[in-house]
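Visitor: I would like a close look at a single part of this model, and I would be glad if the answer stayed with that part before it turned to the surroundings.

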Amino acid sequence: MSKKLTLGMFGFGVVGQGLYDIIKTKNLNLEIKKFVIKNADKKRSLPAELFTTDPSAILNDPEINTVVELIDDAEAAYNITVTALRAGKNVVSANKKMIATHLEELTEIQQETGASLLYEGAVCGSIPIIRNLEEYYDNELLHSVSGIFNGSSNYILSKIFNENQSYDQALKKAQELGFAETDPTLDVGGYDPKFKLAIVASHAYGLYIKPDSIFNVGIDRLGPQDIRFAREKGYKIKLIPLAKEIDNSKVVLYVLPKFVSKENILYNVENENNGVLVKAAFADEQFFFGKGAGGHPTGSAVLSDITALRYGYRYEYKKHLDAQQLTYSTDYELQVYLRYEDDTLIEKLQFTSISERYFANDFKYIIGKINLQHIIENQADIKQSGVFIAEIE
Ligand code: HSE
């Protein structure tokens, strides 16, 4: 028999509302007893007595056995999650920044308390990648996990490439549709996909890597010259996080835009859709596709976690617990396209080989091989205006 869940929900924004819409259509053995919200004055679609601004109405209620945390503020989400787990309540969260930043500690607390924390909705919206990495790819040697992990950036790139919209126009629309974060720099600067990458890498390889130590560049420095270059060569630009095992001993992680050709499976992943490409030793290549942002797609992943709790589901973190040899590395060579203004940057980056160089009055670029470590060492210069870096096939 499945256990009755009595829920307390923090947040009633895009995902909270989406989740509620789905729950309403089903006859599940669960009750939402309380919503804790930040803004008491906002008009809500549900009876006022269900809402409060007092977190203890959920955290101190012994009847509430399941906390659903869907708020924006990562620090507040962390405090809620830790308090709830320590009180023996199970938690479902969609807060990627909070999970990525505190995963090791949150794993320990789950092991100490026996409470379960699930977060499928935090990574790639509707795509069930975390449970697959945990369960299905348990024994597989994973060569890499990559893809499109940010719906807003992908939406913007699609509108630019397919409909000739301006960057600003497309970003505004992504915000209106509820895809973007409250601070959209997290999306277009490549931070949001980096948080998701840290979580994915953790479940793929059993490593805890702090997001601050992972290099990320987003699409916010994309210029008209880069778009023209891509079009002329038959490429599209996508924002791609990569987790890759090298030399059977190291894992490399970074987020960079990438020029992708028609042959790449990610070329046709458009709008707010996400895609996760898993390359494994025996299963070979597998591809997961689905909506990566929006209330209903993300709400469906959150609901799947909630209902999994009725049967006592928990992540076992087996890959983390098994003694293993993998370490995090930034010593990795990749091929990049770099648009730049100042020639001294080229010297600093120490290209190991150069395959193409172009100079014109308003446009200089270089294509060549470079070590990730040199990119990281010069990231302050690379993140200046006038510079755009992207991987190129
Ligand atoms: N801002 C995120 C995105 C929401 O655009 O992908 C889903 O995590």
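Guide: What follows begins with one strand residue and then moves outward to the domains, a pair of helices and two backbone angles.

The model is a predicted one, and the part I have chosen is Leu-118, which sits in strand β6, a strand made up of residues 117-118. Is Leu-118 buried or exposed? Its relative accessibility is 0%, and because buried means under 20% relative accessible area, Leu-118 counts as buried. Leaving aside residues up to four places away in sequence, Leu-118 touches Val-91, Val-92 and Ser-93, and it also touches Asp-305, Ala-308, Leu-309, Tyr-313, Arg-314 and Tyr-315. Lys-383, by comparison, is 265 residues from Leu-118 in sequence, and their C-alpha atoms are 35 Å apart in space.

The domain assignment helps to place these residues, since it gives domain 1 as 5-130 + 296-323 and domain 2 as 136-291 + 325-392. The centres of the two domains, taken over C-alpha atoms, are separated by 30 Å, while 25 residues of domain 1 are in contact with 32 residues of domain 2.

A pair of helices deserves attention next, namely α4, residues 96-113, and α9, residues 191-205, whose axes come within 8 Å and cross at roughly 45°. Because an angle of that kind falls outside the parallel, antiparallel and perpendicular ranges, α4 and α9 are oblique to each other, and their crossing is left-handed. On the α4 side the residues that meet α9 are Lys-96, Lys-97, Ile-99, Ala-100 and Leu-103, and on the α9 side they are Asp-192, Phe-195, Lys-196, Ala-198, Ile-199 and Ser-202. The residues of this contact divide into six nonpolar, one polar and four charged.

Two backbone angles complete the tour, and the background to them is that most residues other than glycine have a negative phi. Tyr-317, which is not a glycine, has a positive phi near 50°, and it lies in the loop between α11 (295-309) and α12 (318-321). With a relative accessible area of 1%, Tyr-317 is buried. Asp-284, likewise a residue other than glycine, has a positive phi of about 65°, and its place is in strand β12, which covers residues 284-291.

Key: Residues are numbered from 1 along each chain as its sequence is written. This is a predicted model: local features need pLDDT of at least 70, side-chain atom pairs count only at pLDDT 80 or more; totals for chains, interfaces and linings use all residues. Side-chain values use heavy atoms; hydrogens and water are left out. Helices (H or I, at least four residues) and strands (E, at least two) are DSSP runs, numbered from the N terminus. Buried means under 20% relative accessible area, exposed over 50%, partly exposed in between (1.4 Å probe, protein chains only). Axes are lines fitted to C-alpha atoms, for helices over the stretch in contact, and angles run from 0 to 180 degrees between N-to-C directions. Angles under 35 degrees count as roughly parallel, over 145 as roughly antiparallel, 65 to 115 as roughly perpendicular and the rest as oblique. A crossing is left-handed if the near helix is turned anticlockwise from the far one by less than a right angle, and right-handed if clockwise. Contact means heavy atoms within 4.5 Å. Ala, Val, Leu, Ile, Met, Phe, Trp, Tyr, Cys and Pro count as nonpolar, Asp, Glu, Lys and Arg as charged, and the others, Gly among them, as polar. Domain bounds come from an automatic or database domain assignment.
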